[in-house]
Amino acid sequence: MSKEKLSSGLKRIRKFFPEFVVKKRSQRPSLFGSQLLGGMIVRIVSVLLGLVLVAVIFIMNGINPIELYVNIFSTAFFTEYGITSTLTYFIPLLCISVGLAIPFRAKIDNIGAEGQFLMGTIAATWAAFTFAYLPAYLLIPIIFGVGFLAGALWALPVAIFRVVGEFKGSDVVLSFLLVFPPLYLVNYLVSGPWRDPEGWGFTQTAKIPENAQIPTLGNTTVHVTIFLVVAITLIVYYLVVRTKKGIPKTKLGYEINVMGENAEAGEAAGISYLKIAVITMLLSGGLAGLAGVGELAGHLLRLRPEISTGLGFTGIAVAWLGGLNPIGILVSSIFFGGLLAGGVEIQIMGMPFSTVDMFNGAILFFVLAAEFFMRYRIVWRRNK
Amino acid sequence: MIIEFVGSSIVAASTFFLIPTLGEVLAERSGILNLGVEGIIISSAASSFGATYITGNVAFGILVGVLLGGLLGLLHAVVSITLNRNQVVSGIALTIFGTGLSGLLGRGFVGTTIRPVEPIPIPVLSTIPIIGEILFNKDILVYISFILVPTLWILLFKTRFGIKIRTVGENPAAAYSQGVNVIMVRYACVIIGGMLCGLGGAYLTCAFNPSWTEGLTSGRGWIVIALTVVALWNPVGALAGSYIFGTFWVLQFYFQGLGISPALMSMLPYISTIMFLIAWGVLLSQSKVKRIVGAPSALCVPFEKG
């Protein structure tokens, strides 16, 4: 087909569709919360659309989505096992996602949270065994501190690279590549120097000393870190996100928002991009590390390769679904926690657990697409 | 003998990196960062394997993988181009989605085998000692990768369309004012890029390592993104980078035999890439050769008409 024929053919097709024009909304609602109700509705619709898309794919693969969804939902929220499982996932997920929201608001993309999480677990394991002689009320804060520090330091290169690196997405590549060394380091440590001598050869460490173990609620797997992370969520909200009429009330929150919206304007106004990058990444990495400590000392109680379940990546979807707002993230973490908890139903129906990722991805796509509809109006104009 | 064996492995492994990197180079040259590469590769790998298993026809299987790659690329294109959203998040969503999709698509085929693509020795060239075995006794996808490098190079640097692509990547506003259809160019590049990633995934399960398990790529697709930087957004650079990386990849297994811990050796390719990125970043900030060494200026910047 010649070029002329192709373009005239396209022109003829266009004539049939009413021409539409995309106009930017004159009053740009901030994604981060001022149009709260509209934002929530859009998000709920995104989730539903994501579920629909995945349902369609399931049908194409011979699986009954309705049955599956009902199973997931009822297992996650209506069984005792499900609720505890949901909450157990909720703890690290909330922590990581709130941490991710901070640099994301500054348009700094930390996708290495998985690696920072793992560095937290490694550091916590080390501290738990090294300082085992300390009483619990000293030891537990120490391992939290060490885990936070490890995650934060591991995130630092990303901040530097973001500012200094010359191509967009350099921070993304670096932060992702930085996931692998900790992953392999865990493998190395638990199959070698840190392997449990009485562990019958399993690749895992010994159980961490009693003093280091975080108490749980009752007989469940829900450890009291849950209170810590909720507190952290509220603190982050208060210190970083809280806004009045769309403008953050704290200096840090304000600077983060500005650098996220328009970095050059911010620099011209005297905000140092490096400072913001470093602060946000340190907080983000630290919180991811903290989540790691919780998982290690509260949930698994020993270091194993399986401690990494992709929460660092799920957290990205959680953070976005929550509108990069800690309060919204609280809700979306419960949702995703439930999805992961109910995900065991997916396995029962014969699919690999990773299929849950399809939900994550689809929802993230729709949340992203929904942003479009929040910022732009489509004006329909009939073609003459 | 051993040289031929190692060399062959290196060529085989590098091809897996080369094909998707070429695709990503194309996409990024038009200004779109596609971080969904890992998701596309692994989905296509699963689907190709499954399609080959079901139909018994490996060519069909590869085609399925390529088409799926294009489709997934289209998804990213719509969100990044038409809807003009954050390309990083869109790419990550695609990766997450694609990884989950691969588990679903591949679920019936774990542990099964297929008849893979057969090596095709090239008549005269494959009789050359050593090199003949390494380079010219491989399967057709490897040969395709050899052809793709100069093809893409010519496309990007010697054709009108290539100029359009590069202008769109450097300064889409200027291109638009010159009458270039920025949207179409970007869509084309992203979709073709996706198809090449799909081809890479198909290569993995239909030629290189004919099997399927969950998570088969173990994150190797992400290396493609780093390789695009290493390649300096140039097909020839992609060839060099892929082969260097392929060499590291193959050698890590041999070093394990020497008693160095496998886990530490597995880190090596990633650490070397990180080192390269850092060195490159430092180099870039100091040098005036930014145009040669640097990224397309409009990479990852959403393009808004008017």
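User: What phi does Leu232(B) take, just after H10(B)?

Analyst: Leu232(B) takes a positive phi, about 55°. For background, most residues other than glycine have a negative phi. This is a predicted model, where local features need pLDDT of at least 70, side-chain atom pairs need 80 or more, and totals for chains, interfaces and linings use all residues. Residues count from 1 along each chain as written, chains are lettered from A and ligands numbered from 1 in written order, and side-chain values use heavy atoms, leaving out hydrogens and water.

User: Which other residues have a positive phi, and where are they?

Analyst: Lys107(A), not a glycine, has a phi of about 60° and sits in the loop between helix H4 (80-105) and helix H5 (113-130) of chain A. Leu324(A) also has a positive value, near 60°, in the loop between H13 and helix H14 (326-348) of chain A. Helices here are DSSP runs of H or I, at least four residues, and strands are E runs of at least two, numbered from the N terminus.

User: Are Lys107(A) and Leu324(A) buried or exposed, or in between?

Analyst: Buried is under 20% relative accessible area, exposed is over 50%, and partly exposed is in between (1.4 Å probe, protein chains only). Lys107(A) has 41%, so it's partly exposed. Leu324(A) has 1%, so it's buried.

User: What makes H10(B) mostly covered?

Analyst: In helix H10 (residues 220-230) of chain B, 10 of its 11 residues are buried. Among them are Arg220(B), Trp222(B) and Thr228(B).

User: How do you know the length of H9(B) fits a helix?

Analyst: The expected span is 1.5 Å times one less than the number of residues. For the 27 residues of helix H9 (residues 182-208) of chain B that gives 39 Å, and the end C-alpha atoms are 37 Å apart, so the two agree. H9(B) does bend, by about 30° at Ala202(B); that's the angle between axes fitted to the seven residues ending there and the seven starting there.

User: Why is H9(B) called largely enclosed?

Analyst: Because 20 of the 27 residues of H9(B) are buried, the rest of the structure largely encloses this helix.

User: How many aromatic pairs are there over all chains?

Analyst: The count is 20. Rings of Phe, Tyr and Trp (its six-membered ring) pair if their centres lie within 6.5 Å; planes under 30 degrees apart are stacked, over 60 edge-to-face, the rest tilted.

User: Why is Phe131(A) with Tyr133(A) called edge-to-face?

Analyst: Their ring centres are 6.5 Å apart and the planes are at 75°, so edge-to-face it is. Phe131(A) is partly exposed at 23%, whereas Tyr133(A) is exposed at 64%.

User: And what makes Phe180(A) and Tyr184(A) a stacked pair?

Analyst: Their planes are at 25° with centres 6.4 Å apart, so the pair is stacked. Both residues lie in helix H8 (residues 180-191) of chain A, 4 residues apart, about one turn, and both are buried. They belong to one aromatic cluster with Phe176(A), Phe313(A) and Trp222(B).

User: Why is Ile307(A) called buried?

Analyst: Its relative accessibility is 2%, so Ile307(A) counts as buried. Ile307(A) is in the loop between H12 and helix H13 (311-321) of chain A. Its C-alpha is 8.1 Å from that of Leu118(A), 189 residues away along the chain.
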